[in-house]
Amino acid sequence: MFLIHCPYCGEREQSEFKAGGEAHIVRPKQPTELSDDQWAEYLFMRKNIKGVQFERWVHAHGCRKWFNMVRDTSNDEIKAIYKMGEKPPTKYK
Amino acid sequence: MTNNLRVKSSKFIDETYKISFKFNNKIYYGYKGDTLASALLANNIHLVGRSFKYHRPRGIMTAGSEEPNAIVQLHKNTSRTEPNVRATEIEIYEGLEASSQNCWPSVNFDIGGINNFLSPVLPAGFYYKTFMWPASFWEKYEYFIRKSAGLGKSPTDSDPDIYEHKYIHCDVLVIGAGISGIIAAKTSAKNGFKTLLLDEKPYLGGSTIYQNSEHFKINNQISSSWLDKEINEIKKIDNLEIKIRTSVAAFHGYNFLLARENLTDHLPLHQRNEKVRHRLLKIRAKKVISATGSLERPLVFDNNDRPGILLSSAIEKYSNLFGVACGQKNVLFTNNDSAYETAISLFQKGINVGAIIDNREEVDSKLVKEVEKNNIKIYKGYTVVNTFGYKKINKISIMQLSKDGQKVVGSKISIDCDCLGMSGGWTPAVHLFTQSGGKLKFRDEDQVFIPDTYPSDQISIGSCNGEFTLDEILSSISKKLKDFLNIKKTEYENLEIQSHFNKTKRNIWLLPSDKIIGKTKPFVDYQNDATAKDIKLALREGFRSIEHVKRYTTTGMGTDQGKLGNMHALGIISETAGSKMGELGTTTFRPPYTPLTFGTIVGRNVGEYFDVFRKTPIHDWHVENKAKFENVGQWKRAWFYPKKNESMHEAVQRESKAARDSAGILDASTLGKIDIKGTDASEFLNRVYTNTWSKLAIGKCRYGLMLNEDGMVYDDGVTTRLDENHYIMTTTTGGAATVLGKLEDYLQTEWPELDVYLTSVTDHYATISVCGPNSKKIISKVIPNLDLSDEKFPHMSFKNAKIDKVKCRVMRISFTGEQSYEINVQANYGKSVWDKCMQAGKEFNITPYGTETMHLLRAEKGFIIVGQDTDATMTPIDLQMDWIVSKKKYDFIGKRSLYRSDTIREDRKQLIGLVTENPKEVLEEGAQIVLDASKSPVEMLGHVTSSYYSPNLEKSIALGVVKGGKNMMGQKLIIPMENKQINVTVTDPVFLDKENKRLNA
Ligand SMILES: [Zn+2]
């Protein structure tokens, strides 16, 4: 059970949060101009890596804010947390 | 033979407090402080159960939670009965009743014992190989297997005990109160850390506390006396909380642990009422110190499982702690110095030790010398090759080991005994450490796995870290604690330690025999009856991975998770397959470390708290009026209101007819309601719904469909424009929370530039819907000053109003196709407005209807229910709802997906109506729809999603989804049922009032 540092509330238990999949997949601004393949890339393709992964989380039973997390999926270490709209820390890329 | 095996009294046993208990229906006596196992041994009872597969007689083997054999059923046939309780852990109390399990009809005569003689045909994988085929036979086999091989019986009555959960936050958690744990807890607490110390046993001090040997001293005091003083001191420290009888069940990531505190299991039954039995502790610790100790290993040789064969350390514990001699002619069998410690303890207490068989050829430690001095015969370089005695050991035979330890040589020697202690060295209890994600490393010199890398802020100290001797532990503990707790000094810097334990060991995983392996039974996993032979067979059959061997042979899959035998299994695999132990890896130890009862897991969440439900403000009225309820999400919704002897069908027919003929009333308070404000609210709705919202006039309502980004229908509902920048959205009852979550997600992550605020107001309003041709008259009585004329208040519009002084919102919207008004009023006025409507509607026979009637009425109109007529594969086009998808809007959620190659297929399943050839015949929801049932395999075209008998149309109607259904109007199809075929015709899904005349009737 993780301890997650919500950027708005502070450290809280994992049961207050929900995971929301891979981060930094931007919704295309002009979906109608995309080919089926390009749209499918946005819609379906996720990396699901073993190792350092960028994820979206929401403090569902708290402030209900979304934020980003850098997590090592191989040992569940949370390496960084940053707000929506902020740039991901470069050292994990 | 009562109590003649008690030896010199022990301070842990209160001999003035005699306790009677029953075992297999016979009365015995023990003392306060005894476990069931020690009390049975004092009564000279070793045989307590039968093994799982071969039904071999089995006795008490250990003195702790690792016990594989002595598992019993408590208080049979009562509500407090519990199976699989380890006799070595349960403390006796007045009135305790225990019985053997896994034997039938009795432990002394067991029919399943025949399996023992059949064992050549019951090898590893026997159950898999035999019972897998033919599958239909499983039911027949199962009956016999369950009867003869069950693991106890679960209670059938509800549990009379109370359980609870508790959160604990601490700076330092210390697991295990042996010598290492006591030192760690004291050091931590004295340095100001809020410390929690847990131990599964009812006393503190671990195995050192009953160690009375002159060979182990600290600061010139016998180690147990030294530790006693430490224990007395820690009890006085304020910020140290100590919990005994508390077993850590799970060690999760981020130092989150679960522990079970056992509060009443040691009390007589009459003292347990109203008390909490078990408390599940949910512990979040900043730092964790594991001092979980180690488990003695058995030795693997032929017939190593007879009653009377125990771990050497268990014999020592029974003698020192409980004052019980396990036998009168004891023989010890060892590959290390531990058995000598036991021997010295035994003869100090005046218990006879006949001989020691030692695998090692050269041994000369101080312990060995003292044993020799006492004229105990030591067979050096020997091994036990067989044991005798069916229900209790009476003899062993031994032979000399060859130089390489692979064979036995010379001739057999027989030794009489009534108890055999075995010691194969020690295995660190790393179970919790590995659960936490810790990685182990293999130490070749003594063949143990010890902690290597820690995944969180934790350390392991003492024998669970592979430090097996007093001097090893005490010489390093001070530095370890200083580094870990970041403190300058401890009280334990310069201890004077005397420890005569020699660490040499001769490790042979499977001891050689004079017989071929096929003729022997060297048990590795006692509880699951897996032998070394089975493991070798698995390897011969091609299994290599330890995880596969484990499952195939069931080694380590019992309730003890193979605490004793897993290392031997690994060792035998490694030797047979020629691979290195360290490279084989270990199997995963899963939580809980020792089994938990379900009561502990659910805590207080039982009965009405098991799955809490939500009630509308009008709930009590529904109950008073005998409504039957239906669960929708967490809500209890009125389903139908049967009158007198009405069946569900009769009630629903009556309600449906009344709603169309005169007036019906529905409690719609459960619908999700989201208040939407902000200057970009219209733009936001444009993006989340498929239709256009920007041109909706203030005071108007509109139905909307919401899609997922993949184009599939997600939710629907009516949204009303209350003001320029203010809307109220309704969602389906079940979808309210997820819709809000989805909207927030888009607002925060994709469109943060939009000025929109969302508030969930589902519980704030009661929603009362009055429908039917007389609804207008009823509402005009309830709200006299509201102009209800069709010109001023047309369909799909909204008005603010007042009922007496209470503000309310009235929407003229309809889910039934009838003229209909929905009153939204602050929740606590809900019941009084409902009463007013009922009162006003009396002269019109206003009829309360439930969700079933609501579903029927909307089906007559062909309105969909998201989640019933749709699943996550239906687009609006599939639903024939193209009219609601804006062609003009540049974008909305899911738009692009509506013309992916897959979503534009003509042969997708599409929503259609179905009428039966026989208008009385009602289809089954979920039934398959086919074109031709004569050819197999039959192609499934689709299925029925909604089906009712319509009292208003006087015929059966149904909605369904059918491949290419849109172009099949008038097509005859078949619904094949178990013993008949039903002929149906595809129709438009709207069955009633296609012109919507009734909305303004
Ligand atoms: Zn938060």
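Biologist: In which segment of chain B is B:Asp993 found?

Modeller: B:Asp993 is found in the segment after β50 (981-987) of chain B. Bear in mind that this is a predicted model.

Biologist: Why is B:Asp993 called buried or exposed?

Modeller: The relative accessible area of B:Asp993 is 14%. Buried means under 20%, so at 14% B:Asp993 counts as buried. B:Asp993 also has a positive phi, about 55°, although it is not a glycine. Most residues other than glycine have a negative phi.

Biologist: Which residue in the loop between β13 (246-252) and β14 (256-262) of chain B has a positive phi?

Modeller: B:Tyr254, which lies in that loop, has a positive phi of about 55° and is not a glycine.

Biologist: What makes B:Tyr254 buried, partly exposed or exposed?

Modeller: Its relative accessible area is 25%. Partly exposed covers the range between under 20% and over 50%, so B:Tyr254 is partly exposed.

Biologist: Which residues of chain B lose the most area to chain A?

Modeller: They are B:Tyr254, B:Tyr890 and B:Arg896, which together account for 29% of what the chain B side buries. Between them, chain B and chain A bury about 2,400 Å², and 45% of this is on carbon and sulfur atoms. The contact involves 28 residues of chain B and 27 residues of chain A.

Biologist: Which residues are the protein donors of the zinc ion?

Modeller: The donors are A:Cys6 (SG), A:Cys9 (SG), A:His59 (ND1) and A:Cys63 (SG), at 2.0 to 2.3 Å from the zinc ion. A donor must lie within 2.8 Å of such a metal, so these distances meet the cut-off. In sequence the donor residues follow the spacing C-x2-C-x49-H-x3-C.

Biologist: What do A:Cys9 and A:Cys63 tie together?

Modeller: A:Cys9 lies in the loop between β1 (3-6) and β2 (10-13) of chain A, and A:Cys63 in the loop between β4 (52-58) and β5 (66-72), so the pair ties together parts that are 54 residues apart in sequence. A:Cys9 has a relative accessible area of 29% and is partly exposed. The value for A:Cys63 is 29%, and it is partly exposed too.

Biologist: Why is the arrangement around the zinc ion called tetrahedral?

Modeller: The 4 donor atoms subtend angles of 105 to 115° at the zinc ion. Four donors count as tetrahedral if all angles lie between 85 and 135 degrees, so the arrangement is tetrahedral. The ideal angle for four tetrahedral donors is 109.5 degrees.

Biologist: How do you know that the span of helix α20 of chain B agrees with its number of residues?

Modeller: Helix α20 (residues 736-750) has 15 residues, and at 1.5 Å a residue it should span 21 Å; its end C-alpha atoms are 21 Å apart, which agrees. The expected span uses one less than the number of residues.

Biologist: How many residues of α20(B) are buried?

Modeller: Of its 15 residues, 11 are buried, so α20(B) is mostly covered. Among them are B:Val739, B:Leu740 and B:Tyr746, but also B:Lys742 and B:Glu744.

Biologist: What covers the buried residues of α18(B)?

Modeller: The cover includes β33 (635-640), β34 (664-667), β40 (765-771), β44 (847-848), α23 (851-860) and β47 (940-950) of chain B. The buried residues themselves include B:Ala651, B:Val652 and B:Arg660.

Biologist: Why does B:Leu481 count as buried?

Modeller: Its relative accessibility is 0%, and buried means under 20%, so B:Leu481 counts as buried. B:Leu481 sits in helix α11 of chain B. Leaving out residues up to four places away in sequence, B:Leu481 touches B:Ile183, B:Ala184, B:Thr187, B:Ile289, B:Asn486 and B:Ile487.

Biologist: Which residues touch the most other members of the largest nonpolar core?

Modeller: In this core of 115 residues they are B:Leu36, B:Tyr318 and B:Ile396. Helix α11 (residues 470-485) of chain B gives the largest share of the core, 7 residues. Apart from this core lies another, of 32 residues, with B:Ala801 and B:Cys808 among them.

Biologist: Which peptide bond leads to B:Pro937, and is it cis or trans?

Modeller: The bond from B:Ser936 to B:Pro937 is cis, with omega near -5°. B:Pro937 is in the loop between β46 (928-930) and β47 of chain B. The bond from B:Pro591 to B:Pro592 is also cis, with omega near -5°. Most peptide bonds are trans.

Definitions and conventions: Residues are numbered from 1 along each chain as its sequence is written. Chains are lettered from A and ligands numbered from 1 in the order in which they are written. This is a predicted model: local features need pLDDT of at least 70, side-chain atom pairs count only at pLDDT 80 or more; totals for chains, interfaces and linings use all residues. Side-chain values use heavy atoms; hydrogens and water are left out. Donors are N, O and S atoms within 2.8 Å of the metal (3.2 Å for Na, K and Ca); water is not among the atoms, so sites may look incomplete. Four donors count as tetrahedral if all angles lie between 85 and 135 degrees; four count as square planar and six as octahedral if opposite donors are over 155 degrees apart and all others between 65 and 115; anything else is irregular. Helices (H or I, at least four residues) and strands (E, at least two) are DSSP runs, numbered from the N terminus. Buried means under 20% relative accessible area, exposed over 50%, partly exposed in between (1.4 Å probe, protein chains only). A nonpolar core is a set of buried Ala, Val, Leu, Ile, Met, Phe, Trp, Tyr and Cys residues joined through side-chain atoms within 4.5 Å. Contact means heavy atoms within 4.5 Å. Buried area is the accessible area (1.4 Å probe) that two parts lose on being put together, summed over both.
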